[in-house]
Amino acid sequence: MIAKSHPLYDTAARIAAGERLDERDGLLLAESDDLPLVGWLAHTVRERMHGDKVYYNINRHINPTNVCYVGCELCAYADDPNAPGTWSYTPEECVEMARRDFIPGTSEFHIVGGLHPRWKFPVYLDILRALKDAFPEVHLKAFTMVEIDFLAKIGKLSVPETIAALRDAGLDSCPGGGAEIFDETVREKIASKKMSSARWLEIAGLVHESGLKSNCTMLFGHIDEPRHWVDHLIRLREQQDRSGGFQCFIPLAFHPEGTKFADLPGPSLMQKLKVIALSRLMLDNIPHVKAYWVMLGREAAQLALRSGANDLDGTVTDERVTLAAGGSAGRGMGRDEIVAYIREVGLRPVLRDTLYNEIGQSA
Ligand code: V47
């Protein structure tokens, strides 16, 4: 029972009735200091949608290059192809890497990288083709909306033509990166040269129109405030009302090391769990919320599973975006480890593929 005098009393009643929350509800939740209540409310919604299931997959990240001419303030990737520590793999090297530590049962390659100043469009097509030829059974979740926009420009094609060419080469769906935070004043400071928020959403709409699914993200825990989270989630919810292809929302916890914001501490545990819960409560039309353990950290991600999240991402072999910014998850998690980790919080591990088809219960 929630006391009538509690600031979240009316919002909690709307959640219990399954009603859509508005901006005011979002702000009350985002600014509430009653995290246990906010987390529990989100957990009731995730139980209504997914029972006690926690989805995970066996996946590998492939970052063909960490050279990126954009130079976003939030990112620790390099903008100079000759800088120490940069890499730019050929399609054959991508295949070789994927083969080297291939885990049986791998169902997804998550492929993202920088916007390389010298690579031409066919390089990206060749990477997809080479991986698809070598691993026909593995789903290729590749290229964010930012990359698709860039590929259309360098390929001198429209966005729908670009998506069609990528699909022909083996693209199966798109990851959700590059959304950062939609509020224009904050975006200007953390990703001043990146595509606009409106363009990110527009390209997501075109991806969905083409019949492909995609994910969506929000980068939090830098110079953002709770009101920016609410604004971001509502813009995603509106896009989903229009185009319907987002499968999963992934809140990305900011890692400051090596970025222009290296002096910031990164998000607190309270912020991490609040954002997970808030997203489950606001995004009534996006089926899954992912506790991306690589960025949240293992402890926070485990708690997030009881605060609204129903997905963990996966084994995540060879993650490099967070690694570059001070994260320690590059070595991934084993399947048995994931299963035990989910069971420890009293939930049920369910192995899935990228499109959320269930493959099995546990290891
Ligand atoms: O696009 C960049 C973000 C994203 C930092 O779709 C940073 O299933 C934290 O989008 N600290 C890449 N974040 C990761 C991503 C993702 C991850 C897992 C699953 C899925 C999915 C998508 O990471 C980038 C950017 O938004 N990022 N730098 C940083 N310093």
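Student: Which residues come nearest to the ligand?

Tutor: In this predicted model, Lys141, Gly176, Glu180, His255 and Lys290 come nearest, out of 24 residues around the ligand.

Student: What makes a residue count as near the ligand?

Tutor: One of its heavy atoms must lie within 4 Å of the ligand. The shell contains 24 residues, and by class these are 12 nonpolar, 8 polar and 4 charged.

Student: Which strands supply at least two residues of that shell?

Tutor: Strand E5 (214–220) and strand E6 (246–253) each do.

Student: Why is the pair formed by the ligand and Gly176 called a polar contact?

Tutor: An oxygen atom of the ligand is 2.8 Å from a polar backbone atom of Gly176. The cut-off for a pair of N or O atoms is 3.5 Å, so the pair qualifies. With His255, a nitrogen atom of the ligand is 2.8 Å from a polar backbone atom. For Leu74, the distance from a ligand nitrogen to a polar backbone atom is 3.1 Å. The protein covers 95% of the 610 Å² of accessible area that the ligand has on its own.

Student: How do you know that the ligand sits in the largest pocket?

Tutor: Sitting there requires more than half of the ligand's atoms to lie within 2 Å of the pocket's grid points. The ligand is assigned to the largest pocket, so it meets that condition.

Student: What lines the largest pocket?

Tutor: The lining has 46 residues, with Leu74, Cys75, Gly178, Glu180 and Val321 nearest the centre. Helix H6 (145–155), E5, E6 and helix H14 (321–324) give two or more residues each. The lining divides into 21 nonpolar, 15 polar and 10 charged residues.

Notes: Residues are numbered from 1 along each chain as its sequence is written. This is a predicted model: local features need pLDDT of at least 70, side-chain atom pairs count only at pLDDT 80 or more; totals for chains, interfaces and linings use all residues. Side-chain values use heavy atoms; hydrogens and water are left out. A polar contact is a pair of N or O atoms within 3.5 Å; within protein, one must be able to donate a hydrogen and the other to accept it, and residues adjacent in sequence count only if both atoms are side-chain atoms. Accessible areas come from the Shrake-Rupley method with a 1.4 Å probe; for residues, only the protein chains shown count as cover. On a 1 Å grid over the protein atoms alone, a cavity is a set of points where a 1.4 Å probe fits but cannot get out, and a pocket is an open set with protein on both sides within 12 Å along at least five of seven lines; lining residues have an atom within 4 Å of a point. Helices (H or I, at least four residues) and strands (E, at least two) are DSSP runs, numbered from the N terminus. Ala, Val, Leu, Ile, Met, Phe, Trp, Tyr, Cys and Pro count as nonpolar, Asp, Glu, Lys and Arg as charged, and the others, Gly among them, as polar.
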